[in-house]
Amino acid sequence: MSDDLGKRLRELRVFESDLPAFDPDSAPDEPAELFLDWLGHAIDAGVRAPHAMTLSTIDAYARPDSRVLILKGLEHGRWLFASSRNSRKGQQLANTPWAALNFHWPELGRQVRVRGRVADPRPEDAARDFLERPEASRAESLPGRQSQPLGDPAELEAAAEEAAKRVAEEPDLVPDHWALYHLIADEAEFWQGDANRRHTRLRYRLGAGGWTRQRLWP
């Protein structure tokens, strides 16, 4: 079974032959500008869920954890994502406010990796983000019990009904556990795949004098 799986995996096609070019020498001085350019290309190319990203955090025992979230914005070099402070990721970030993001756009053979400190600075921004969510999403997030054990599915149904009723009756209701997190990047890497495995990698690092760029081996 293992040998058969290995063979099947090796036979899977990874890269298309026609991938976009990337010239690191013409890259902008700051990673946020290049990210916005690449994200725009992904949207225009019809990449499915181009704003989806893997968020990696660290728990109290220094073990990594990851999950896929949606990018909510990019402001002043800060990548934004939303969640409940009561969730596992929220608790992990409260304990260790550092994280990593990974964007993967397979149709373009591109990845972007971002690392940095995470802040939760403005409750008013979190409130605005929550109220901009669809009504069903607000109802789902309102109880603030994400990641908690669920003993009886009937509890979920009852809580969902109660939350939907509250959202309908109080359209401006914002739970105090909702956060709009800012990842303040100090490192970012842009990876352009190549069908011949001559991948191009460009790393940005933030130092006392600003951002520096460096090519990396594939």
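These legends go with an overview and four close-up views of a predicted model.

**Overview. The whole chain at a glance.** Start by counting elements: the protein chain has 6 helices and 9 strands. Its C-alpha trace spans about 55 × 55 × 40 Å along the principal axes. Of the 218 residues, 39% count as buried. Take the contacts between residues at least 6 apart in sequence, and 65% of them turn out to join residues at least 24 apart. As for the outside, the chain exposes about 13,500 Å², with carbon and sulfur atoms supplying 49% of that area.

**Close-up 1. Ala 49 in its loop.** Look for Ala 49 in the loop that runs between helix H2 (31–44) and strand E1 (52–58). Is this residue buried, exposed or partly exposed? Ala 49 has a relative accessible area of 38%, so it counts as partly exposed. Ile 70 is also worth finding here: it sits 21 residues from Ala 49 in sequence, and the two C-alpha atoms are 8.5 Å apart in space.

**Close-up 2. The buried face of helix H4.** Helix H4 covers residues 123–132, and its buried residues are Asp 125, Ala 126, Asp 129 and Phe 130. Why do they line one face of the helix? Seen down the axis of H4, they fall within an arc of 135°, so they share one face. The spacing helps to make sense of this: an α-helix has 3.6 residues a turn, so residues three or four places apart point the same way. What do the buried residues of H4 pack against? Their partners are strand E4 (78–84), helix H5 (135–141) and strand E7 (178–192).

**Close-up 3. The largest pocket.** About 630 Å³ of space lies in this pocket. Its lining is made of 26 residues, and those nearest the centre are Glu 140, Ser 141, Arg 145, Gln 146 and Ser 147. Strand E2 (64–70), E4, H5 and helix H6 (153–169) each give two or more residues to the lining. The largest share comes from H6, with 4 residues. Sorted by class, the lining has 12 nonpolar, 8 polar and 6 charged residues.

**Close-up 4. The second largest pocket.** Here the volume is about 160 Å³. Among the lining residues are Ser 56, Thr 57, Trp 98, Arg 115, Asp 186 and Glu 187. Which elements supply at least two residues of the lining? They are E1, strand E5 (98–105), strand E6 (110–119) and E7. By class, this lining divides into 5 nonpolar, 4 polar and 3 charged residues.

Methods: Residues numbered from 1 in each chain as written. Predicted model: local features only at pLDDT ≥ 70, side-chain atom pairs only at ≥ 80, totals over all residues. Heavy atoms only, no water. Buried < 20%, exposed > 50% of the residue type's maximum accessible area, 1.4 Å probe, protein only. Arc of directions from axis to C-beta. Contact = heavy atoms within 4.5 Å. 1 Å grid on protein atoms, 1.4 Å probe; cavity = no way out; pocket = protein on both sides within 12 Å on 5 of 7 lines; lining within 4 Å. Points joined across faces, edges and corners; volume = space filled by probe spheres on them. Nonpolar A, V, L, I, M, F, W, Y, C, P; charged D, E, K, R; others polar. Areas by Shrake-Rupley, 256 points an atom, 1.4 Å probe, with all protein chains shown as cover.
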